Each structure stands twice: as C-alpha cells, then as structure tokens.
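Reader: I should like to go through this model step by step. Please show the sequence and the structure before we begin.

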Amino acid sequence: MSPRRSGEGHVRMPDAEFEELLARAAEEGAKRALADVGLDGKEAALDIRDLRALLDAIRFVRRTAVQSAVHLITTGVILALLAGIAIKLKIFGSAP
C-alpha cells in the first residue's frame, strides 16, 4: 500500500512502511555523519578500533602516571620521616 493524503494535508502510510522509511533514513544519516568525520569506506571499522586502542592507551598512561606520582610522594615522605628519626636518635653520631 502506498502513502495517501488525508483531508488536512497529512500523509498516512502503513506502520511497516513507515518503520522501513525510518530505518533507511537512520542508516543514511549515520553513513553521512561518519563520512563527515572521515570514518567512511572499507577501513572505517579498522580506524574505529585503532581510535579505541589509542584511547585505552591514553587512559593507561594517565593511570600509570598518577600511580607513579603517588608512589614517588609516598617514598619521599617515608624517607623524610626516616631521616628525621635518624637525626632525633643521633644514629649518625653526635653533632659538633
């Protein structure tokens, strides 16, 4: 059944035909959006996988950098405490 006009200028069509029209429009819109950002063609899936891998690597580096900074600060604080204890207990000899 093809679309037909109702009395007020509206177009009526069967639900199945309307859903097919929406699906085609969505697919074309998605293809156009991907083409606009340069992610179209045969290599598009590979490009998206590469971008995801790059984002995972960036997140890993960020997490590792934060962990390294925390480790460095913790080590510095512990060394400072040990140096203070050593000076307080005069482990390295008496001061002149």
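Reader: Is Arg59 buried, partly exposed or exposed?

Author: This is a predicted model, in which local features need pLDDT (the predictor's confidence in each residue, from 0 to 100) of at least 70, side-chain atom pairs count only at pLDDT 80 or more, and totals for chains, interfaces and linings use all residues. Residues are numbered from 1 along each chain as its sequence is written, and side-chain values use heavy atoms, with hydrogens and water left out. Buried means under 20% relative accessible area, exposed over 50%, and partly exposed in between (1.4 Å probe, protein chains only). Because its relative accessibility is 47%, Arg59 counts as partly exposed.

Reader: Which residue forms a salt bridge with Arg59?

Author: A salt bridge requires a side-chain nitrogen of Lys or Arg within 4 Å of a carboxyl oxygen of Asp or Glu. For Arg59, the closest N and O atoms of the pair are 3.5 Å apart. Both residues lie in helix 2, 3 residues apart, where helices are DSSP runs (H or I, at least four residues) numbered from the N terminus. The partner is Asp56.

Reader: Which residue meets Lys31 in a salt bridge?

Author: Lys31 lies in helix 1 (residues 15-36), and its partner is 4 residues apart, about one turn of the helix. The N to O distance is 3.3 Å, and the partner is Glu27.

Reader: Where is confidence lowest in the protein?

Author: The protein averages a pLDDT of 88. Helix 2 has the highest mean, 94, while the lowest, 60, belongs to strand 1 (residues 4-5).

How values were computed. Helices (H or I, at least four residues) and strands (E, at least two) are DSSP runs, numbered from the N terminus.
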